[in-house]
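I set aside some time today to look through a model and jot down what I found. Here are my notes, in the order I took them.

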Amino acid sequence: MKKFVANIARHCTVEKLLEEAFMIPMATRRELNLLFNANKDSLTQKGISIHQQRQSVEMVDFSNLDSSVVTKTGMRVVWAWIPERFALFSPIRLFNTEEHGRSLYSLYSCVEGHEPVVLIIKTLDEEVFGAFLSTDVSERRRNDAEELRYFGTGECFVFTLRPGMERYQQPMVNIMTRQASPQKVQASSSSLTNLSNNGIQATSPTAAATLTCPAGTPQDPSYLTIPFTTPSEEHVSEAVPKRPKEQEASMFIACSDTRLVIGGDGGHALCLHQDLKGGSSEFCETFKSKPLCKRNFRIQALEVWGIQNSVSLFPAFK
């Protein structure tokens with residue numbers, strides 16, 4: 001950090017740095033307390049003590065990284081962006097097009113059972129970009145293979161590494177406080193009265209019904225900073241029609257046999273074709289992201305990286 005600050009002029013002007021810094025949304029004390037208590041309760045339920053010693057991030061070794069897509073420096077940057085509880089462990093490659101071939105079926109087969117994962121793409125124009133997927137892609141099996149249905153959590157984000165390095169992610173507080181849809185408000189108005197009075201809108205009727213992850217395990221809706229986002233019950237067609245603003249924030253990941261989509265309304269942040277030979281990237285409302293590369297791109301190589309020692313939440317789909 002000291003080295004970065006000392007050489008800040010090489011990256012941007014002081015004025016630009018301050019301008020970007022003051023645009024970062026600040027959480028209120030009430031919101032911070034809500035997040036802290038939710039994290040503490042969730043960890044306690046899983047038998048994790050807040051006094052446990054954690055590994056140093058410096059213990060993650062990238063010296064033996066073997067990749068045709070991302071450099072060691074690029075992977076360090078990505079690892080600095082992912083949630084800290086995962087960044088403490090080393091990356092492990094799960095899939096690459098050179099070894100496993102070019103098809104979504106092959107990608108799904110190699111990646112299922114791993115959560116979270118990092119998808120990184122290099123195009124024929126030498127652009128490098130990707131996405132952090134917080135939820136196992138086996139979740140796609142809960143709906144018709146010919147249709148798309150969104151799933152995932154607010155920890156998902158998209159990024160670019162070349163020619164520039166940038167991460168795009170919905171602000172945590174925006175996800176916590178986004179307005180619930182009218183149907184959800186009507187179904188859970190009594191259970192959410194206290195939260196509403198405090199100026200905080202909940203994303204799901206957690207008091208009225210216990211949320212469960214796809215494997216059937218009860219899931220704390222505020223587990224580890226980001227609320228659990230239940231898969232939308234409404235199926236969407238391949239055209240993916242326009243959604244109301246309040247639903248945009250939950251449109252993170254959608255998979256089918258013919259394509260893999262990251263991001264929703266306003267265009268897809270990333271869309272991969274079935275043969276993994278090409279795809280597209282557009283401005284995306286979900287992440288407030290610019291196109292990650294040229295609108296339509298051809299894939300030179302694609303890799304998916306998992307987290308060493310990570311535990312799968314969905315063994316039932318294997």
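These entries cover the aromatic rings, one helix and a surface patch.

**Entry 1, aromatic pairs.** I was working with a predicted model, and I began with the rings. The count came to six aromatic pairs. I looked up Phe129 and Phe297 next: their ring centres lie 5.2 Å apart with the planes at 75°, so I noted the pair as edge-to-face. This pair joins distant parts of the chain, with Phe129 in strand E3 and Phe297 in strand E10, 168 residues apart. Phe129 and Phe297 are both buried.

**Entry 2, a tilted pair.** For Phe252 and Phe287 I found centres 6.2 Å apart and planes at 45°, so this pair is tilted. Phe252 sits in the loop between helix H11 and strand E6, while Phe287 sits in the loop between strand E9 and E10, 35 residues apart. I checked burial too: Phe252 has a relative accessible area of 0%, and Phe287 counts as buried at 2%.

**Entry 3, cluster and charges.** Which residues do ring pairs link into a cluster? I wrote down Trp81, Phe132, Phe157 and Phe159. Arg167 lies over the face of Phe157, 5.6 Å from the ring centre. Elsewhere in my list, Arg140 lies over the face of Tyr108, at 4.0 Å from the ring centre.

**Entry 4, helix H4.** Trp81 led me to helix H4 (residues 72-81), whose buried residues are Gly74, Met75, Val77, Val78, Trp79 and Trp81. Their cover includes helix H5 and strands E1, E2, E4, E5 and E10.

**Entry 5, the surface.** Last, I looked up a nonpolar surface patch of about 340 Å², made by Val14, Leu18 and Phe22. Val14 belongs to helix H2 (residues 14-22).

Technical notes
Residues are numbered from 1 along each chain as its sequence is written. This is a predicted model: local features need pLDDT of at least 70, side-chain atom pairs count only at pLDDT 80 or more; totals for chains, interfaces and linings use all residues. Side-chain values use heavy atoms; hydrogens and water are left out. Patches are made of residues with over 30% relative accessible area and no salt bridge: like charges are joined within 9 Å, nonpolar side chains (Val, Leu, Ile, Met, Phe, Trp, Tyr) within 5 Å. Accessible areas come from the Shrake-Rupley method with a 1.4 Å probe; for residues, only the protein chains shown count as cover. A salt bridge is a side-chain nitrogen of Lys or Arg within 4 Å of a carboxyl oxygen of Asp or Glu. Helices (H or I, at least four residues) and strands (E, at least two) are DSSP runs, numbered from the N terminus. Buried means under 20% relative accessible area, exposed over 50%, partly exposed in between (1.4 Å probe, protein chains only). Contact means heavy atoms within 4.5 Å. Rings of Phe, Tyr and Trp (its six-membered ring) pair if their centres lie within 6.5 Å; planes under 30 degrees apart count as stacked, over 60 as edge-to-face and the rest as tilted. A charge sits over a ring if NZ of Lys or CZ of Arg is within 6 Å of the ring centre and within 35 degrees of the ring normal.
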